[in-house]
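Trainee: I would like to learn how to read strand pairing, helix packing and pockets from a set of coordinates. Could we work through an example together?

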Amino acid sequence: MSNKIMVTQAVLPDVEEYVGEIQEIWETHWLTNMGKKHNELSEKLRDYLGAEHIELMVNGHMALEMALQAMGLKGEVITTPFTFASTTHAIVRNNLTPVFCDIRPDDFTMDPAKIEALITDQTSAIMPVHVYGNLCDVEEIQRIADKYGLKVIYDAAHAFGIRHGGEGVASYGDVSCFSFHATKVFNTIEGGAVCFHNERLGRKIYRLKNFGIRNEEIVDGIGANAKMNEFCAAMGLCNLRHIEDKIAARKEVVLRYRERLANVPGLQLNVEQADVASNYAYFPIVIHERSFGSTRNEVAKALAKENIFARKYFYPLTSSFESYNGKYDETKTPIALHVSKRVLTLPLYAGLTEKEVDRVCDVILGCRR
C-alpha cells in the first residue's frame, strides 16, 4: 500500500526555532493573559493582515462568537449555508436567526444579487464567508449593507493573507474573523483573531474574551475566557516568518493540479479571481457526474482505496444539520445544495510533492467513464 496522502498537513517550523522562541517563557513564567509573545504576534498580524485593530483569540469560533456578542446584534443575520459548522453555530448561539443566501456557482461565495430579497425589518447584519481562499464580492456586499444600515461580519477563516487590489482582506467589513487552526494556511496550533475598525467595539471584544474584567477590582461584564496563550502565540511568530514561502509552495501544488485537471469534461476547478492575491488555501473540484462518468462519492472512495484522503468540504449544508431539526429548508439555496453534493477538496499543503499530486490526479482521471 502506498504512503498516505492526507487532505492537509499542519505547518510546523523547525523544532529548534520553536524551542528558541519559547525559551523566554521559561525565564518569565508568563504563560497566558496577554504576555509578550501574545502582544508581539498581535502587532505583527495587524500589519500583515492590513487590519486597523486586532484581538487574538483562543480559536476562530470564539472570534466569531465574541464579535457577534460585542456588536449587540438582534434579529436576523444573512449568511451562507456553504460553510463550516462554526459560522452558523456562532449566529445561533448568540440568539440570532440565520437567514441563508445562496452562493455563486463559480467561486462558491455568497451571491450579492440574492441578498436584498432576504432583507427584512429584522435583519441586523450580513455574515459572508470567504471560501477556499476565494474572496467575496466585498464592494457589492458593502454597498448593500450601507444602503440598508446593516453590519458586515466576515468569516475569514479561509482568507489569511489574501489581498485584493493590494488591500489586506481584514480591511473589509465592520469585522473580519480569522481561524489559526492547525489545518489552516497559517496556524498557531489553535487560535484566531477578530480584526475591526471601531476602538469602542474592540474594548468590548477584549472584555468579553477576558471574563468581562474592566480592571483588578471591577468586573462589570459577563464574559468568557477566549485568550490565546503564549505557546500558541510563539508558534504563530515562527510560522509568520515563513508564511510567504509556504503560500508560494502551495501555489506550485495548485498549478500542478490545474495542469493535470484543466479541461477535463465534468470537472469544475476552483475559479481564479481577478485582482486577488490568493493564499491557495484549498483546491476544490466539483464533479458533474453525467459528463465525468463517476460521482463525487465514487471518486472519494477510489482515492481512499489508494490511501489518498480528500474531503467533502462543505457537505452537508449547515442548513440541513440534524441539530436544527429541519428548521431550515436547504432547497431554498439550490446552487449551494448542488455544489455540496459534488464538491471534493483535494490534498493540498506546502510539503506535497509533484509526484504525490500526480498520484492524486491519476486516480481521479482513472474514474472517468
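Mentor: Let us begin with pairing, keeping in mind that this is a predicted model.

Trainee: How many bridges join β10 to strand β12, and in which direction do the two run?

Mentor: There are 3 bridges between β10 and β12, the latter covering residues 283–287, and the two strands run antiparallel. To see the register, look at L269, which stands opposite I285 in β12.

Trainee: In what order do the strands of this open sheet follow each other?

Mentor: The order is β10-β12-β13, which gives an open sheet of 3 strands with antiparallel pairing. Since β10 (267–269) and β13 (343–346) each have a single partner strand, they stand at the edges, so one side of each is left without a neighbour in the sheet. On average, neighbouring strands here are turned by 30 degrees against each other, direction ignored.

Trainee: How do side chains alternate in a regular strand?

Mentor: As a general idea, the side chains of a regular strand alternate between the two faces of the sheet.

Trainee: Which strands does helix α8 lie across, and which does helix α10 lie across?

Mentor: Helix α8, residues 243–261, lies across β10, β12 and β13, and runs at about 20 degrees to β12. Helix α10, residues 296–305, lies across β12 and β13, at about 25 degrees to β13.

Trainee: Turning to another pair, do β2 and β3 run parallel or antiparallel?

Mentor: They run parallel, with 4 bridges joining strand β2 (residues 76–79) to strand β3 (residues 97–100), and the bridge partner of I78 is V99 in β3. Between these strands the chain passes through helix α4 (residues 85–92), and this β-α-β crossover is right-handed.

Trainee: What volume does the largest pocket have, and which residues lie nearest its centre?

Mentor: Its volume is about 400 Å³, and among its 24 lining residues F84, S86, A157, S179 and K184 lie nearest the centre. The elements giving two or more residues to this lining are α3 (60–71), α4 and β8 (175–179). By class, the lining of the largest pocket holds 9 nonpolar, 11 polar and 4 charged residues.

Trainee: And which element gives the most to the lining of the second largest pocket?

Mentor: That is α8, with 4 residues; the second largest pocket, with about 250 Å³ of space, is lined by 17 residues, of which R258, V271, E272, S278 and Y280 lie nearest its centre. Its lining residues divide into 9 nonpolar, 5 polar and 3 charged.

How values were computed: Residues numbered from 1 in each chain as written. Predicted model: local features only at pLDDT ≥ 70, side-chain atom pairs only at ≥ 80, totals over all residues. Heavy atoms only, no water. Pairing = 2+ DSSP bridges. Axes fitted to C-alpha atoms, helices over the stretch in contact; angles between N-to-C directions. Contact = heavy atoms within 4.5 Å. Right-handed = clockwise from strand over helix to strand, strands pointing away. 1 Å grid on protein atoms, 1.4 Å probe; cavity = no way out; pocket = protein on both sides within 12 Å on 5 of 7 lines; lining within 4 Å. Points joined across faces, edges and corners; volume = space filled by probe spheres on them. Nonpolar A, V, L, I, M, F, W, Y, C, P; charged D, E, K, R; others polar.
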